[in-house]
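This report considers how the interior of one protein chain is arranged, with attention to its pockets and its nonpolar cores. The sequence and structure come first.

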Amino acid sequence: MYHEINHPFLKHKLTALRDENTKHKEFRELANEITMLICYEALKNIEVEDCEIRTPMGKMTGKRMSNEIVVVPILRAGVGMLDGILTLIPNARVGFVGMYRDHDTKQPVEYYSKLPEDMKNPLVFLIDPMLATGGSVVATIDLLKAKGFTNIVFISIISAPEGIKTVEEAHPDVQIFTGNVDEFLDDNKYIIPGLGDAGDRLFGTK
Ligand code: PRP
Ligand code: URA
């Protein structure tokens with residue numbers, strides 16, 4: 001199931017992010033701010049449990065998160081969302097999966113993974129700004145599940161309808177939270193209108 005965040009302030013930030021005149025410094029700041037806004041919405045589904053505390057005024061029953069959180073950025077562009085999500089969940093652990101789309105075939109190629117070990121059913125926030133064909137995310141979720149991570153939420157900044165469909169078909173249990181569902185993919189499998197190449201814009205490589 002997917003959730004598109006329809007908040008006017010987020011759409012305002014997204015427009016600045018997409019603008020071709022936005023350079024890497026501002027692009028990085030915006031990507032992290034937008035991630036925080038989407039992540040806040042995604043956190044509405046977390047499980048909480050009762051806990052007893054004392055305020056300066058006396059005893060009360062509060063709530064605390066039941067699950068440990070692991071954030072997994074898909075390298076490289078997912079790193080551009082990491083500061084934003086860690087601002088909200090500073091004690092999350094962080095794993096990394098390296099995945100790039102082959103230039104010609106557009107198929108995902110895995111080149112790195114390092115994930116936390118010995119955790120009891122953590123909630124995984126998988127982050128990547130662009131959900132295009134869905135190949136990279138599906139391959140990463142396959143890898144995460146094979147390593148025992150089954151409780152997964154995926155957060156993207158912009159998604160194509162094609163990518164959402166692909167992820168939903170392959171992994172119907174994974175909730176998708178996205179800042180916008182765009183129109184379609186072009187012949188090169190780039191999102192239209194999108195924002196171009198997220199990794200290059202984040203890191204100033206082109
Ligand atoms: C981009 C993006 C996603 C992937 C989306 O990464 O960050 O990981 O493409 O495309 P898909 O849904 O069709 O798989 P890219 O391969 O450009 O690598 P990079 O992050 O290293 O720039
Ligand atoms: N990867 C990107 O960075 N942008 C797209 O539009 C599609 C894949």
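## Second largest pocket

The lining of the second largest pocket divides into 9 nonpolar, 6 polar and 2 charged residues, where Ala, Val, Leu, Ile, Met, Phe, Trp, Tyr, Cys and Pro count as nonpolar, Asp, Glu, Lys and Arg as charged, and the others, Gly among them, as polar. A pocket here is an open set of points on a 1 Å grid over the protein atoms alone where a 1.4 Å probe fits, with protein on both sides within 12 Å along at least five of seven lines, and lining residues have an atom within 4 Å of a point. Strand E10 (151-159) gives the largest share of this lining, 3 residues; strands are DSSP runs of E with at least two residues, and helices are runs of H or I with at least four, numbered from the N terminus.

## Basis of the model

This is a predicted model, in which local features need pLDDT of at least 70 and side-chain atom pairs count only at pLDDT 80 or more, while totals for chains, interfaces and linings use all residues. Residues are numbered from 1 along each chain as its sequence is written, chains are lettered from A and ligands numbered from 1 in the order in which they are written, and side-chain values use heavy atoms, with hydrogens and water left out.

## Largest pocket

The lining of the largest pocket has 13 nonpolar, 8 polar and 9 charged residues. Among the elements that each supply at least two residues to this lining are strand E6 (96-101) and helix H4 (135-146).

## Contacts of Ile85

Isoleucine 85 is in contact (heavy atoms within 4.5 Å) with Thr35, Cys39, Val71, Phe125, Ile127 and Ile155, leaving aside residues up to four places away in sequence.
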